[in-house]
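Biologist: Please take a close look at one part of this model, the pairing of charged side chains. I would like to know where the partners sit and what surrounds them.

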Amino acid sequence: MGSYLAPAAAIGVAVRHIFAILAVVLAAGAVARAESPSVDHAIAMHGEPALAKGFAHLPYADPAAPKGGRIIFGLQGTFDSLNPLVVLGVAPDAVPRYVQQSLLFRSADEPFTAYGLLASKIELNDDRTRLAFEIDPRATFSDGQPVTAEDVRFTFDMLRTKGKPFHRSSLGRVTKVAVPTLRRIEFELGDGSNRELPLVIGAMPIFAKHATNAETFAETSFKPALGSGPYLVSDVKPGEALTLKRRSGFWAEDHPLTRGLFNADEIRYDFYRDANTLFEAFKAGLYDIRLEGDPTRWMTGYDVPAVRDGRIVREELRFEAPKGMTGFVFNTRRTVFADVRVREALGILFDFEWANRNLFHGVYRRAGSFFADSELSALGVAADAREKALLAGFPGAVREDVLAGTWMPSATDGSGRDRDQARKALDLLQSAGYALQDGVLRQNKNGEALSFEITVTSRPQERLALNYAKSLTRLGIAVTVRLIDDVQYWRRLSTFDFDMIQWTWPASASPGNEQVGRWDSSNAERKGSLNYAGVKSPAVDAVLKTLLSARERADFVASVRTLDRLLISGFYVVPLYYLPETWLARSRDVVLPARRPTYFLSTEVLARVPAPPAPAN
């Protein structure tokens, strides 16, 4: 489940533990495994939580981190809402991250483990068909009202019926919810085949029932949710800035999961209309931390006084999570992209070698897998017996070269005019019923030209799209590139109103329910989903189910690799590139803890070092 700094969590020391309620052995035999819930402080997707009960703090959090000061984040674009959990509107993550809390808090040192935050006790049976939480009796909202099980049920019902497709789809698998006491909530999870579902439920940002209008929840609003977290929204300038301030009386001030986190007294989000203005603002010291994704800027743009004199610090961080997929995405709902041979041919015509050398200083690696740089990637790995068994009912769904692990993205001579690759692409297009006629590629049956539009939302995207369009033009393919503003872009994406876009699907070390939102057939026409390619594949649907139901790590890896092979074989994207490291630039006064987490970095760990006192006159 996981582009910006990812949600925070807890790390692992090598301590294995088992907390279980002993089964009562009856004369007729042992009680069924599904009837024997275990009681614990955490849930791990696979294996056991790394942190034993009673840990003092997250090992990558510094309890001695300085408190106080203000940290400013800069974001490109704008916002017209404070609720990112619904389809309508464009909203930052500030309220769910800093104002609200969840039952569980995810660890950044483990592939997917979450520890009890609002939940002081977790009960989950081995078959994952029954789940229960006990709410910490200390937990209160910022107005002093206690967090109750009814608030959790209220949140669950709201997200299941009015939330984004991810929550509607995932939470819709719950078959029954009960609130037997003020602080206890119980869920029945069907047959337990979606083993990630308990973690999804635990990650819901909890809303206060007494202060939330469920009828208007799905609408855009600048009214922040009432939360139980460490901050309150203190100022909103629509589309421009959002300010949060530390609140007094935060119930979890000394909780093991928050100790050493949430260090700033004030957090501000400033919004900038375009990438250049955003970067210039950072160089001028107007915000404090920046994830850099532009190689030209990273290589040449930071040669400024603020870097040379140490006011801005640059770091290259390495995390073990898969690198995900960035690509030009085909909207297969469009007739022009319905034929997989057309999509494969258009992918061949992207000259990565030329673009990487001439546009990106050679720093990128070529994307090809949706889980690059990890054991989950299918590139260069032949399918094993587990994978072949998963594909047995879907002959031909994966190409032979992808199954054998020999397929790789097309490589060119880097000239920008590789004739061999152009010939290979043209052969595919001819097999799909196209032919060059007077320099224009047309369908043989009706004479329609092969043409489409690439929609972009930034100058760097526009530059790359124009370069790609130029390559396609040489083969008689008419491509236009349209740059639109951020709000219009997101609205068009939510309704799949585009031919092609550039998109990045991040990947975590434990892919799960978010993959359903991206690839399952049920989300192909569901507005607001991340299935931008419009994938409708029975094989993909089936493998997603096995991915979510896998009990052992080996079965899980086989499922993810099989999904990777299916997506590669479908040529739903033109694979672009990825960075092996994370490029981070920050104000020298904003510090990270010395101990870095394994899988992702979180804004919650940041702290601002107090400025030294002014010299006496």
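Modeller: D288 is buried, with a relative accessibility of 6%; buried means under 20% relative accessible area, exposed over 50%, and partly exposed in between (1.4 Å probe, protein chains only). The model is predicted, so local features need pLDDT of at least 70 and side-chain atom pairs count only at pLDDT 80 or more, while totals for chains, interfaces and linings use all residues. Residues are numbered from 1 along each chain as its sequence is written, and side-chain values use heavy atoms, leaving out hydrogens and water.

The partner of D288 is R608, and the closest N and O atoms of this salt bridge are 2.5 Å apart. A salt bridge here is a side-chain nitrogen of Lys or Arg within 4 Å of a carboxyl oxygen of Asp or Glu. This pair links distant parts of the chain, 320 residues apart: D288 lies in the loop between α5 (275-283) and β15 (289-292), and R608 in strand β28 (residues 607-608). Helices (H or I, at least four residues) and strands (E, at least two) are DSSP runs, numbered from the N terminus. R608 is also buried, at 17%.

R596 forms a salt bridge with E315, with the closest N and O atoms 3.3 Å apart. R596 is in the loop between β27 (590-591) and β28, and E315 is in strand β16 (residues 312-317), so the pair ties together parts 281 residues apart in sequence. Here the partners differ in burial: E315 is buried at 14%, whereas R596 is partly exposed at 29%.

A local case is R153 with E150, where the closest N and O atoms are 2.6 Å apart. Because these residues are three apart in helix α2 (residues 149-162), about one helical turn separates them. R153 is partly exposed at 24%, and E150 is partly exposed at 28%.

Over the whole structure, the search finds 45 salt bridges. Some are joined into a network, with R334, E453, R482, R492, D497 and D499 linked.

For the surroundings, consider an open sheet of five strands in the order β22-β21-β23-β17-β24, with mixed pairing; two strands pair if DSSP finds at least two bridges between them. β22 (478-483) and β24 (573-575) are at the edges with a single partner strand each, so each has one side without a neighbour in the sheet. Strand β21 (residues 451-456) runs parallel to β22 and is joined to β22 by six bridges. In this pairing, I454 stands opposite V481 in β22.
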